[in-house]
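Please load the model in your viewer and keep the selection panel at hand. The stops below are meant to be taken in order.

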Amino acid sequence: MSVNLSRTAQTRKTVIETEYGVVASQHRLAAQAGADVLAAGGDAVDAAIATSFAIGVLEPWMSGPTGGGALMLWRADTGKAQALNYGMRAPKGLNPKDYPLSGEGVAGDLFPWEKVVDDRNVQGATAVAVPGLVDGMGQMHERFGKMPWADLVAPAIGFAREGLLVDWYAALIIASATRALATDADAAAMFLEDGQWPTISGWTALAEKRLDQRRMADSLEQIARGGARELYDGDLGAALAADIQAKGGCLSQEDLHAYSAQFSDPLSFNYRDARFHVAPGLTAGPTFRDAMATVEQATLGHVPDARAFTAYADGLRKAYAERLTNMGDTGETEPNSGCTTHFSVVDRHGNMVAQTQTLLSIFGSRVVSPSTGLLMNNGIMWFDPVPGRPNSLAPGKRCLMNVCPILGESGDTRFAFGASGGRKIVSAMVQMASFAADFGMDIGETFHHPRIDLSGGKTIVADETLSTEVLSALQAKLPVHTTKRSPFPYAFACPAGVMRKGVINSGCTEIMSPWGDAVAETQVG
């Protein structure tokens with residue numbers, strides 16, 4: 001995978017330390033939008049809403065208004081954590097018989113499900129689930145927002161009017177999905193040039209090439225004027241549902257009317273001298289807790305050595321076996337128990353948000369709603385297409401998400417971490433939480449330290465810069481495949497996080513992410 005890459009190059013990201021607020025996001029301009037909100041007097045919630053909408057425009061293949069996710073919220077004045085689940089649901093008109101197994105083995109996308117005929121659960125309008133992100137942002141704003149709703153959506157509208165700049169990284173991402181995007185005329189019109197990926201002219205290119213996102217800007221203006229429920233109860237939602245049905249999907253306006261994101265108490269637990277708060281229910285929060293319980297039983301040293309990494313591997317292997325076997329929406333859980341992007345926010349008062357949002361696969365269902373200009377999710381792929389299992393596909397059912405935003409506290413240090421990367425997310429969060437809680441690493445050390453990934457498979461993927469001692473200890477557990485961290489593809493999850501030690505805030509993003517950055521509110525505009 002990495003045979004062609006430089007063996008001597010080093011990549012690092014600068015960590016900002018400040019008494020003011022910080023936003024860490026997988027796109028610098030989205031982080032800047034959130035930081036500008038903090039500078040204008042908003043708190044962490046306001047900044048998170050602005051960042052959420054902005055990154056859906058700036059990184060449209062990862063998330064957007066038709067996505068879903070979950071977040072963790074820390075309120076400094078009450079000293080309490082809250083969870084908000086705005087995950088997707090299967091439409092009520094969905095018929096599992098429309099997703100017959102092909103008998104051709106395992107599907108080739110994010111999950112080890114059996115392959116469905118024509119990949120109907122992965123691509124196209126039949127893969128679209130009921131979106132939750134906009135309602136989630138609306139409910140968070142109603143409870144905690146300080147600034148006007150329209151002001152928080154405004155940066156995203158501005159970015160959409162301008163259109164996404166197609167640099168080398170954007171062109172690479174689009175090129176990776178060109179064949180899939182070409183199957184939908186509206187997706188092809190938005191992202192491709194004559195059925196091919198957008199070209200970059202090379203050494204002397206000075207002209208800017210941008211995606212046409214003006215129709216998306218119009219939709220965001222409707223949401224800004226009419227509020228979050230415009231996507232669910234208004235003309236915008238009606239147009240969206242009509243588009244998806246015209247393309248063969250079953251998303252209805254009734255599904256949108258019925259949708260509601262859910263606030264809940266977090267899943268909170270002690271870990272040695274630390275305490276964690278994660279999202280409960282159908283997220284990766286319970287899997288994170290289960291893995292950390294195994295790590296807690298291990299005897300660790302003063303640095304993340306072979307003992308630590310074998311404990312991580314044991315914890316992840318056991319927790320993922322439980323997750324893939326027993327978790328799903330069985331109808332027995334109360335509703336409030338409730339390719340991706342993540343961002344984290346801390347404001348000057350210590351309020352924090354760790355927020356993960358997703359369309360699921362890269363470019364979601366690879367379907368664009370022509371009336372709204374919105375790229376659609378493929379949340380149906382979250383379900384196991386084999387009937388009779390806890391997470392089997394069924395109408396009206398909630399999706400089992402991989403998202404794992406976490407809040408941690410250890411001594412006088414608090415942190416809000418999360419990541420994108422599908423099933424790789426939990427592996428990253430377990431290790432990074434341990435780096436901070438067990439070894440007292442600051443955010444720069446935590447984000448730069450090499451990691452492993454073990455997310456339900458029978459092979460450990462390990463950063464090749466880990467010591468021979470660590471790699472040998474892991475090899476005694478399971479087969480090990482070593483690889484180099486790179487900007488594309490990602491062998492490991494892509495995290496973003498903030499940390500507060502006393503009154504000093506800091507932030508960092510995945511060091512190999514070419515767009516990701518942490519921005520302080522003092523870096524205005």
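The tour goes from a surface patch to aromatic rings, cysteines and backbone details.

This is a predicted model, in which local features need pLDDT of at least 70 and side-chain atom pairs count only at pLDDT 80 or more, while totals for chains, interfaces and linings use all residues. Residues are numbered from 1 along each chain as its sequence is written, and side-chain values use heavy atoms, with hydrogens and water left out.

**Surface patch.** Select Trp168, Leu172 and Phe488, which make a nonpolar surface patch of about 280 Å². Patches consist of residues with over 30% relative accessible area and no salt bridge, with nonpolar side chains (Val, Leu, Ile, Met, Phe, Trp, Tyr) joined within 5 Å and like charges within 9 Å; a salt bridge is a side-chain nitrogen of Lys or Arg within 4 Å of a carboxyl oxygen of Asp or Glu. Accessible areas come from the Shrake-Rupley method with a 1.4 Å probe, and for residues only the protein chains shown count as cover. Trp168 is found in helix H5 (residues 168-176); helices (H or I, at least four residues) and strands (E, at least two) are DSSP runs numbered from the N terminus. Trp168 counts as partly exposed because its relative accessibility is 49%, where buried means under 20%, exposed over 50% and partly exposed in between.

**Cis peptide.** Stay with Phe488 and add Pro489: the peptide bond from Phe488 to Pro489 is cis, with omega near -5°. Pro489 lies in the loop between strand E18 (480-483) and strand E19 (494-501).

**Aromatic pairs.** Rings of Phe, Tyr and Trp (its six-membered ring) pair if their centres lie within 6.5 Å, and planes under 30 degrees apart count as stacked, over 60 as edge-to-face and the rest as tilted. By this rule the count comes to 18 aromatic pairs. Select Tyr232 and Tyr259, a stacked pair at 5.8 Å centre to centre with 20° between the planes. This pair links distant parts of the chain, 27 residues apart, with Tyr232 in helix H9 (residues 230-233) and Tyr259 in the loop between helix H11 (253-258) and strand E7 (262-264). Tyr232 counts as buried at 0% relative accessibility, and Tyr259 is buried with a relative accessible area of 5%.

Next select Phe276 and Phe415, which form an edge-to-face pair at 6.1 Å centre to centre with 65° between the planes; both residues are buried. Widen the selection to Phe269, Tyr271, Phe276, Phe288, Phe415, Phe417 and Phe447, which ring pairs link into a cluster.

**Cysteines.** How many disulfides does the structure hold? It holds zero disulfides, a disulfide being a pair of cysteine sulfur atoms within 2.5 Å. Select Cys250 and Cys399: the sulfur of Cys250 has its closest cysteine sulfur in Cys399, 12 Å away, which is too far for a bond. Cys250 is partly exposed, with a relative accessible area of 24%. For Cys404, the closest cysteine sulfur is in Cys494, at 15 Å, again too far for a bond, and Cys404 counts as buried at 1% relative accessibility.

**Positive phi.** Finish at Asp119, which has a positive phi of about 50° although it is not a glycine. Asp119 is in the loop between strand E6 (114-116) and helix H3 (133-144), and is partly exposed, with a relative accessible area of 25%. Then select Leu360, a residue other than glycine with a positive phi near 90°, in the loop between strand E11 (352-358) and strand E12 (368-369). Leu360 counts as buried at 2% relative accessibility.

Note on methods:
Buried means under 20% relative accessible area, exposed over 50%, partly exposed in between (1.4 Å probe, protein chains only).
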